[in-house]
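Colleague: Could you take me through the pockets of this model, with a close look at what lines them? I'd enjoy a connected account.

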Amino acid sequence: MRLRKKPWIAEAIREFDDILVGPGSAGRWNDVFGRTAPLHVELGTGRGKFITGMAELYPHINFVGIEAVQDVLYCALSKVRERDLTNVRLVLFNANEMRDLFAPNEIDRLYINFCDPWPKNRHAKRRLTHSRFLEMYRELLKPRSELHFKTDNEALFEFSLNQFAEAQLGLQNISLDLHKSDFTDNVTTEYEARFSALGMKIFRCEARFEPLCKT
């Protein structure tokens, strides 16, 4: 269902200038946060349940959330403000242009949660776990950093595992039914809470950007 745009948000979002960051921060995220700390990035922050939950659990980490939909981002900004989280910054931006936000080897961990599965084959290159995105992530993440991925879409999960393997990423903690596994420390997203309440399986894995083998 398409979200109905709220025209007042364009003005209201300006109240969050201390949390909302624009392009041009590549290579200077420690300055943005005013401290040196590991940098974790979530693509597709949605309404902010995951990133605010993580920020509360790990105050020693700097979190950046990227969201392309302004109305949705407003909800995330409100959550950050309500919880008085100083280790979160949000960006209204498209994930395709991440090189404008981060310098090479600047990110310590990447989270992709319940991204658009783009189910038609002709749209495969738009999937955030497609090889063309993985090449960009490898450039921006530090060596041996991890991508943590969750989805409710089994076909997308299978596609992603194959893409990770072809890109020579090391796979670990693969779960085909996360909420029935022994995995601990899981922080849910809005979609995840809704889907799991309906009894749907949640798929999860961690992919490590190992050095590429030379041929």
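Modeller: Happy to, and please keep in mind that this is a predicted model. Let's begin with the make-up of the lining of the largest pocket: by class, 18 residues are nonpolar, 14 are charged and eight are polar. The space in this pocket comes to about 1,400 Å³. Its lining is made of 40 residues, and those closest to the pocket centre are Glu 67, Val 69, Phe 114, Asp 116 and Tyr 191.

Now for the elements behind that lining. Two strands, strand 1 (39–43) and strand 2 (62–67), each supply at least two residues of it, and so do three helices: helix 4 (70–82), helix 5 (131–140) and helix 7 (190–197). Helix 7 gives the largest share, with four residues.

The second largest pocket makes a useful companion. About 170 Å³ of space lies in it. There are 14 lining residues here, and Met 54, His 148, Phe 183, Asp 185 and Arg 204 are the closest to the centre of this second pocket. Sorted by class, its lining holds six nonpolar, five charged and three polar residues.

As for elements, helix 3 (49–57) supplies at least two residues of the second pocket's lining, as do strand 4 (107–113), strand 5 (141–151) and strand 7 (203–208). The largest share in this case comes from strand 4, which provides three residues. So when you turn to the view, you might pick out helix 7 for the largest pocket and strand 4 for the second largest.

How values were computed: Residues numbered from 1 in each chain as written. Predicted model: local features only at pLDDT ≥ 70, side-chain atom pairs only at ≥ 80, totals over all residues. Heavy atoms only, no water. 1 Å grid on protein atoms, 1.4 Å probe; cavity = no way out; pocket = protein on both sides within 12 Å on 5 of 7 lines; lining within 4 Å. Points joined across faces, edges and corners; volume = space filled by probe spheres on them. Nonpolar A, V, L, I, M, F, W, Y, C, P; charged D, E, K, R; others polar.
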